[in-house]
Amino acid sequence: MTQEHYIRKVQTSVTVFLRHGDEYLFLHRLPTKKVDANKLNGIGGRLEHGEDHLTAAVRETEEETGYVVAPEDFTLRTIFRIQEGYPEDWIGCFFVADVPSKEVPIGHETPDGKLIWIHKDKVLDSGHELVDDLNYIWKDIISTNDLLFFSAIVGDNEKIKNINISRLAK
C-alpha cells in the first residue's frame, strides 16, 4: 500500500435512521451541497471535538429534526469505514431509533435539504438516488439485530468499487 493511503484526513460521523412503524426518515440533500448532492441519506453529521458517536447521534438527531431521543433508545447497527472517492476518508456508525410520530418537530425543510418519510420496503426503489453504501447495506440495517462492519473503497463518482460486510451476531 502506498504512503498516500496512510496520510489522508479522516472524518468521524454518525448516521441515524429514525423509524416510525415501518417508515424511516431520510434527508434528501440539496443539489447544491458539495457531498452527496441530491441524494438520500439518514440524519447525521460529523462528531464534534471530544464527542463520542452515541452523543453525536443524540445531538445530530435533535439539531436536524427536533426529535429528542434518549441515548438508551438508539441501537447501533453498523460501524463503517469509507475510503477514497471523497476528499476525506470516513469512519462512523449507523444507528436506528424509534420516534413517537411522523410529525417532524422542526418541519420538513432544513438548510441541508428536505426530510421525507419512506416505507422500509420502498427505500431501494423510491426513485431517489441513495448514498451508494445504502444500496448494499439497507436491507441488513432494517432486517437484522446483528452488528454490521462495513468497509468500502469509493471511486471518483461517489460509487462503491470494492466492499466488505461482516457481522457479529447478537
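A polar contact is a pair of N or O atoms within 3.5 Å. One such contact involves Thr 144 in this predicted model. The side chain of Thr 144 reaches the backbone nitrogen of Asp 146 at 3.0 Å. That distance falls within the 3.5 Å limit.

Thr 144 sits in a loop, with helix 2 (132-143) on one side and strand 9 (147-154) on the other. Its relative accessible area is 13%. Buried means under 20%, so Thr 144 is buried. Setting aside residues up to four places away in sequence, Thr 144 touches Arg 77 and Arg 167. Arg 77 is 67 residues away from Thr 144 along the chain. In space, the C-alpha atoms of Thr 144 and Arg 77 are separated by 8.4 Å.

A second loop residue, Glu 88, is found between strand 5 and strand 6. Strand 5 covers residues 74-83, and strand 6 covers residues 89-98. Glu 88 has a relative accessibility of 16%. This value is under 20%, so Glu 88 counts as buried. Its contacts, leaving aside neighbours within four places in sequence, are Arg 8, Lys 9, Gln 11 and Arg 46.

Strand 2 (23-29) pairs with several other strands. Strand 1 (10-20) runs antiparallel to strand 2, and three bridges join them. In this pair, His 20 stands opposite Glu 23. Strand 1 and strand 2 form a hairpin with two residues between them. Gly 21 lies in the turn and has a positive phi of about 65°.

Strand 2 is also joined to strand 8 (residues 113-119), by seven bridges. These two strands run antiparallel as well. Glu 23 stands opposite His 119 in strand 8. Tyr 24 stands opposite Ile 118. Glu 23 thus has a partner in strand 1, His 20, and another in strand 8, His 119. Strand 3 (residues 40-41) pairs with strand 2 over two bridges, again in the antiparallel sense. Here the bridge partner of His 28 is Leu 40.

Burial fits this picture of strand 2. Six of its seven residues are buried, so strand 2 is largely enclosed by the rest of the structure. Strand 8 is likewise largely enclosed, because five of its seven residues are buried. Strand 8 has a further partner in strand 7 (residues 109-110). The two pair in the antiparallel sense over two bridges. A hairpin joins strand 7 to strand 8 through two residues. Thr 110 stands opposite Gly 113 in strand 8.

The largest pocket has a volume of about 640 Å³. It is lined by 28 residues. The closest to its centre are Arg 29, Val 35, Asp 36, Asn 41 and Trp 90. Several elements each supply at least two lining residues: strand 1, strand 2, strand 4 (43-46), strand 5, strand 6 and helix 2. Strand 4 gives the largest share, four residues. By type, the lining divides into 12 nonpolar, six polar and 10 charged residues. Strand 2 therefore appears in two settings: it is largely enclosed by the rest of the structure, and it supplies at least two residues of the pocket lining.

Methods
Residues numbered from 1 in each chain as written. Predicted model: local features only at pLDDT ≥ 70, side-chain atom pairs only at ≥ 80, totals over all residues. Heavy atoms only, no water. Buried < 20%, exposed > 50% of the residue type's maximum accessible area, 1.4 Å probe, protein only. Contact = heavy atoms within 4.5 Å. Polar contact = N/O pair within 3.5 Å; in protein donor to acceptor, adjacent residues only side chain to side chain. 1 Å grid on protein atoms, 1.4 Å probe; cavity = no way out; pocket = protein on both sides within 12 Å on 5 of 7 lines; lining within 4 Å. Points joined across faces, edges and corners; volume = space filled by probe spheres on them. Nonpolar A, V, L, I, M, F, W, Y, C, P; charged D, E, K, R; others polar. Pairing = 2+ DSSP bridges.
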